[in-house]
Amino acid sequence: MKKHFDSVVIGSGVAGMGVASSLAAAGKKVAIIEEDLWGGTCPNRGCDPKKVLLSAVEARDKAIQLQNKGLHTVPEIDWPELMAFKESFTRPVPEQSKDSLQSSDVETFYGSASFTPRQTVQVNEDELEADQFIIATGARPSFLDIEGKEHFLTSNDFLSLPEMPETITLVGGGYIAFEFAAIASAAGAEVHLIQHNDRPLKAFDKELVQLLMEQLKARGVHFHLNTEITKITADEKGFTLSDDSDFRLHSDLVFCTTGRIPNTETLHLENVGVESDKKGILVNEFLQTSNSSIFALGDVLSKSQPKLTPVSSFEANYLVSYLTGKNSQPISYPSIPTMVFSAPKLAQVGVTAETAENNPSKYESSTIDATNWFSYSRSNEPVSTIKVVTDKQTGLLVGAACLNNEADELINYFSRMIDQKMSAEELTEKVFAYPTIASDLSYFYS
Ligand code: FAD
């Protein structure tokens, strides 16, 4: 059946849901199409379930750090129970997301959407016409194209593993691999992480990545760097990974954590002249594709910004303000913090120490060992290293990176300081609750 809307949104993740409900609230007639779980990756099989699992790791780590300092038993992670707790968060998400869209007067369609040569979208028997189409189809796990690739599991499988096996192997050293390594090793698994070169987490500060790897090694995680897996074979006890030389590793389960690929293939973008590359859909600074009636946002984009939930939300807010005529300016991103929720946590924002070192006339960078600072020593954290980069001319903070258990909170303060161009003097005029990580902020300028 043919139906007409002001806007048709494809994909119901953070990006699509944000745009659809806000456009409907602005009085537009909106439809949204989803082919899998309503709510998309983040709340179903991404950030949120992962951080629920991490809660147990954080609690256990705190207890380990305080052994013989007031505590005497190390809690054990009961994986099936933790998984059930995780599911109490994820199970309601699809229905709640769909209900929320419908109660915002967004018409929902379930099925795989694709463009027709008539510049309409086909979903099952329905053909949807619209003044604007908005593509928010996100990304999915990629697979290394090697012999035995059918044995790979993905991040989706890890986040719903019924039992934690004795051995797991993660192939690919991005942030998801480091996070899963921390979770699985705390849950009792022997963890192997394989990286094809010597630079896992390549977007993060090299020195802090080394420190993080040392911490994970101390917890029993095995790193195999410069190892290019070419084959996986199954046997009755699990899987054997091998390279073209003499590397052999046996594992109960093998996860491919080599990154994510944009969901573009089934959209038939060629029918409507929307250009893309292997990183995703190409857009201009108004999130408009090469077809002026079609916009795109979120993880499906080919972009230099990191593919993260708050970035998708930011783009959704921008696109709504642009499409409703409230903002005619190009999109301008604030500083974007990036995280590795491992153990400890690693975070980064703004100008990196590496850039600072390559531009000594412009930037000054310093590395602070904060392990003995009260905020970290009171819970006996094994490591707390913080790097700050200041602009030599203005003296303002322009970048920061940190490795400690509080990095996920600390990095947000640094981001705000950078965006608000907060000087050392302005910081001393503020009163922060003491003792907290925020009350340490002024020390980073001295
Ligand atoms: P998605 O949420 O992926 O939504 C796209 C939707 O489109 C999907 O539901 C899909 O089914 C649907 N779709 C695709 N094609 C079609 C089609 N043809 N027709 C209809 N529907 C279609 N980010 C963070 O900020 N912090 C984190 O800690 C973090 N952790 C993560 C951990 C994991 C394991 C993973 C996988 C991701 C994590 N991310 C994290 C990234 C974050 O989840 C994504 O950046 C975010 O979900 C992207 O939102 P989106 O709306 O662009 O895409």
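**Figure 1. Lining of the largest cavity in the predicted model.** Nine names make up this wall: Asp 205, Gln 348, Val 351, Thr 352, Ala 353, Lys 387, Val 389, Ala 400 and Ala 401. The space inside comes to about 40 Å³. The structure has one cavity of 30 Å³ or more. Strand 22 (385–391) and strand 23 (397–404) are the elements that each give two or more residues to this lining. By class, the lining splits into five nonpolar, two polar and two charged residues.

**Figure 2. The shell around the ligand.** A total of 40 residues surround the ligand. Ala 15, Glu 34, Thr 41, Lys 50 and Asp 299 are the closest. Nonpolar and polar residues number 16 each in this shell, and eight residues are charged. Which domains contribute at least three residues each to the shell? Domain 1 (2–141 + 261–323) does, and so does domain 2 (149–258).

**Figure 3. Elements that build the ligand shell.** Several helices and one strand each supply at least two shell residues. The helices are helix 1 (14–25), helix 2 (41–45), helix 3 (47–65), helix 7 (175–186) and helix 9 (309–323). The strand is strand 2 (30–34).

**Figure 4. Polar atoms of the protein beside ligand oxygen atoms.** Val 14 places a backbone N or O atom 3.2 Å from an oxygen atom of the ligand. At Thr 137, a polar backbone atom is 3.5 Å from a ligand oxygen. Ser 312 uses its side chain: an N or O atom there lies 3.4 Å from an oxygen atom of the ligand. How much of the ligand's accessible area does the protein cover? The cover is 95% of the 1,000 Å² that the ligand has on its own.

**Figure 5. The second largest pocket.** This pocket has a volume of about 200 Å³. Its lining includes Arg 60, Asp 61, Ile 64 and Gln 65. Gln 215, Ala 218 and Arg 219 also line the pocket. Pro 344, Asn 380, Pro 382 and Asn 405 complete the list. Helix 3 and helix 8 (206–218) are the elements that give two or more residues to the lining. Helix 3 provides the largest share, four residues. The classes divide into four nonpolar, four polar and three charged residues.

**Figure 6. The cis peptide bond at Pro 344.** Most peptide bonds are trans. Ala 343 and Pro 344, however, are joined by a cis bond, with omega at about 0°. Pro 344 sits in the loop between strand 19 (338–340) and strand 20 (345–350). Pro 344 also belongs to the lining of the second largest pocket.

**Figure 7. The cis peptide bond at Pro 435.** Here the cis bond joins Tyr 434 and Pro 435. Omega is about -5°. Where does Pro 435 lie? The residue is in the segment after helix 13 (424–428).

**Figure 8. Backbone angle at Asn 68.** Most residues other than glycine have a negative phi. Asn 68 is not a glycine, yet its phi is positive, at about 60°. Asn 68 is found in the loop between helix 3 and helix 4 (79–90).

Methods: Residues numbered from 1 in each chain as written. Predicted model: local features only at pLDDT ≥ 70, side-chain atom pairs only at ≥ 80, totals over all residues. Heavy atoms only, no water. Near = heavy atom within 4 Å. Polar contact = N/O pair within 3.5 Å; in protein donor to acceptor, adjacent residues only side chain to side chain. Areas by Shrake-Rupley, 256 points an atom, 1.4 Å probe, with all protein chains shown as cover. Nonpolar A, V, L, I, M, F, W, Y, C, P; charged D, E, K, R; others polar. Domains from an automatic or database assignment. 1 Å grid on protein atoms, 1.4 Å probe; cavity = no way out; pocket = protein on both sides within 12 Å on 5 of 7 lines; lining within 4 Å. Points joined across faces, edges and corners; volume = space filled by probe spheres on them.
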